[in-house]
Amino acid sequence: MSQVSLFSSGQELANLFLSSDLLHHSWITISALSSHPYINKPILFKVYPYHSNGAIVAFVSSPTCNLQKEMVSSEELQGSQSPFDFISTKLNPHFSVNKAAITLFASLLNDLSALKEQLDSFSPLIITGVSLGGSVASLFTLWLLKDSNKRPTCITFGSPLLGDSGLQQAISERPSWNSSFLHVVSNQDPIPRSLISPTNVFAGSIPQPCIYMPFGMFLLCSDSDCSCFEEPESVLDLMTEMNLNSQHQDNHSLAFDYEQVLERLKHRVILKGASQLFQFSVDQLQAGIDLQLEAIGIGGQQTSNMNSIRTKVKKRVEESFAKKRNAFDPGKKLNKMKEAMTWLEWYKKVTLKEGGYYDSYKRSEYRGRDAVKSRQEIVKHQRVLTKYWKTMVAEAEKMPQREEAVFRTRWLYAGTNYRRMVEPLDIAAYYMKPGNTDYVNLGRSEHYKKLEEWRREDNPSGSGNDRRKCVSLTEDSCFWAYLEEAIINSKRLREGSLQEKENAREYLVNFGGYVMNMIRSYSVSSDIFQLHSSFMNWWQEYRQDILSCLSNLPLAFYMENGEYKS
């Protein structure tokens with residue numbers, strides 16, 4: 001989809017919403033609930049039937065509720081009964097929400113907990129509210145999105161902004177969450193714009209700047225037309241401009257009546273065919289933006305402020321398009337990754353008689369032009385794979401816990417194979433450089449550590465060790481690094497100081513036990529026993545030194561009796 005399509009489709013979306021009965025039915029439930037007596041309750045909610053199997057849950061706050069700018073941080077929420085700790089992500093661990101909204105939600109928590117268990121059977125499920133009731137509706141929707149089998153849709157009317165940029169970003173990280181919210185805002189309703197101020201501050205002893213930020217889709221309405229906007233900064237700019245042009249600035253206590261707005265706009269809807277959404281030039285993109293600004297009643301002005309808004313909105317549309325175009329999609333490059341892995345598997349097979357692919361890779365520069373060319377080809381594919389998996393791990397780390405778990409499960413097998421195949425080559429390259437030691441602590445890439453951590457968490461008991469045949473890829477991708485350290489320590493045992501010899505002896509004893517455990521569980525590839533492999537060369541060159549440490553240990557008996565040959 002082109003840049004202008006991403007933006008001009010806002011009017012098509014607005015027309016689609018207005019032509020359906022969804023907004024109309026949502027407002028009817030709000031109107032019905034508003035006629036109920038509050039009986040000293042600051043907020044009411046009620047479930048209404050919708051179509052054959054659906055439901056609309058409506059929230060309406062009392063006219064006596066005061067809208068305040070004060071916010072509550074996620075740290076403060078953790079110490080309360082609030083169920084919103086799941087919103088925090090690794091990328092956005094901190095967020096704040098409006099104190100009045102969270103207080104109203106908390107007053108209904110017991111009732112909503114009981115209702116939450118009953119809603120999975122309804123489809124569709126609509127959560128709606130007006131003014132502060134819309135804020136509570138948004139909070140309830142977020143709670144449902146955590147673990148509900150159904151995907152609720154939240155429609156608010158004249159709702160003030162709910163939280164800060166931390167909340168907005170945490171929600172935007174989950175595209176399915178962000179798309180669950182539609183906020184209807186009239187340019188004559190002062191309440192949605194009342195919290196837009198650069199001087200808002202956190203509740204607490206140390207004031208900090210904290211600007212409310214929008215999330216979800218916004219249906220911005222004027223007396224004559226409407227349009228949909230989603231990009232948060234653009235929504236903020238447009239609502240600010242609507243605030244400056246509004247004729248209704250004073251009454252923040254009464255909820256605005258959206259019935260007439262909806263009826264008036266519905267009669268003006270002219271659905272446009274999808275055939276109009278084609279590639280457009282930059283000038284047409286600007287024209288599309290102007291049309292949308294005019295639709296919400298602020299586009300006809302030629303002030304410097306409006307020109308600035310036009311420029312910023314256009315820039316954000318282009319940035320949004322570029323971001324979506326460049327978004328990482330692991331499935332798109334999957335075939336290329338399979339091809340790269342096939343090259344490495346071929347290399348492993350053809351180098352088996354040369355001591356195994358680890359040693360062939362390590363010694364290729366000493367074995368003629370063909371070996372060097374093969375290694376260069378493998379390095380090319382190795383880099384492609386590593387770039388791909390580094391990106392994969394980085395993207396997974398940004399995800400919320402639940403989405404990350406699903407992602408990890410899906411890609412764990414491929415990631416484990418990659419790690420076991422490619423990391424030994426990184427280890428070989430590391431120890432080819434003179435003076436390099438301790439790869440595991442000093443040279444290992446973080447993405448390998450994360451892939452190994454995923455594997456351990458998926459299989460904490462190490463099940464699968466009842467096999468009776470050697471694996472094709474050594475399970476511990478750091479095996480060769482431990483072997484290289486064994487070679488270094490064998491030299492120290494022979495030539496080092498007393499302290500170095502003592503440390504080397506301890507390392508070799510531990511390494512011997514580690515190797516024997518790997519052998520017994522069939523967790524090492526038979527590569528390590530190939531003639532001229534680094535493992536066999538280590539044993540043969542330092543046999544006497546090794547036996548002085550391991551003479552009574554199982555690895556010594558295993559190697560001395562030639563059991564590895566079978």
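**Strand pairing, cores and buried polar residues in a predicted model**

In the predicted model, Val185 stands opposite Leu220 of strand β10. This pair belongs to the parallel pairing of β8 with β10, which extends over five bridges. Strand β10, comprising residues 217-221, is in turn joined by four bridges to β11, and these two strands run antiparallel. The two strands β10 and β11 form a hairpin, with four residues lying between them. Within this hairpin, Leu219 stands opposite Cys228 of β11, while the bridge partner of Cys221 in β11 is Cys226.

The surroundings of these strands were examined next. In a regular strand the side chains alternate between the two faces of the sheet. In β10, Met217, Leu219 and Cys221 point one way, whereas Phe218 and Leu220 point the other way, and all of them are buried. Because five of the five residues of β10 are buried, this strand is largely enclosed by the rest of the structure. Strand β11, which covers residues 226-229, is likewise covered on both faces, with Cys226 and Cys228 buried on one side and Ser227 and Phe229 buried on the other.

The loop that follows β8 contains a buried polar residue. Asn187 lies in the loop between β8 (181-186) and β9 (212-213), and with a relative accessible area of 11% Asn187 is classed as buried because this value falls under the 20% cut-off. The side chain of Asn187 is joined to that of Gln188 by a polar contact of 3.3 Å. Along the chain Asn187 and Leu238 are 51 residues apart, and their C-alpha atoms are separated by 9.9 Å.

At the level of the whole chain, the model contains 23 helices and eleven strands, and buried residues account for 49% of its 566 residues. When contacts between residues at least 6 apart in sequence are considered, 76% of them join residues that are at least 24 apart.

In soluble globular proteins, nonpolar side chains tend to be buried together. The largest nonpolar core of this model has 65 residues, and those with the most contacts inside it are Phe479, Phe535 and Trp538. Helix α16, which spans residues 401-432, supplies the largest share of this core, namely eleven residues. Apart from this core lies another, of 41 residues, which includes Val97, Ala101, Phe105 and Leu125. When residues up to four places away in sequence are not counted, Phe479 touches Thr474, Tyr514, Val515, Met518, Val524, Ile528 and Phe535.

Two further buried polar residues are found in helices. Ser534 is found in helix α21, which comprises residues 534-541, and its relative accessibility of 7% places Ser534 among the buried residues. The side chain of Ser534 makes a polar contact of 2.2 Å with the side chain of Asp359. Once neighbours within four places in sequence are left aside, the residues in contact with Ser534 are Tyr358, Asp359, Arg363, Trp480, Leu483 and Ile487. Asn489, in turn, is found in helix α19, which spans residues 479-495, and is buried with a relative accessible area of 6%. Residues up to four places away in sequence again being excluded, Asn489 touches Asn503, Ala504, Tyr507 and Leu508.

Helix α13 illustrates how buried and exposed positions are arranged around a helix axis. This helix consists of 17 residues (334-350), and at 1.5 Å a residue these should span 24 Å; the C-alpha atoms at its ends are 25 Å apart, which agrees with that expectation. The buried residues of α13 are Met337, Ala340, Met341, Leu344, Tyr347 and Lys348. Seen down the axis of α13, these buried residues fall within an arc of 110°, and they therefore line one face of the helix. On the other side of α13, Asn335 and Lys349 are exposed.

Notes:
Residues numbered from 1 in each chain as written. Predicted model: local features only at pLDDT ≥ 70, side-chain atom pairs only at ≥ 80, totals over all residues. Heavy atoms only, no water. Core = buried A, V, L, I, M, F, W, Y, C linked by side-chain atoms within 4.5 Å. Buried < 20%, exposed > 50% of the residue type's maximum accessible area, 1.4 Å probe, protein only. Contact = heavy atoms within 4.5 Å. Polar contact = N/O pair within 3.5 Å; in protein donor to acceptor, adjacent residues only side chain to side chain. Expected span 1.5 Å × (residues − 1). Arc of directions from axis to C-beta. Pairing = 2+ DSSP bridges.
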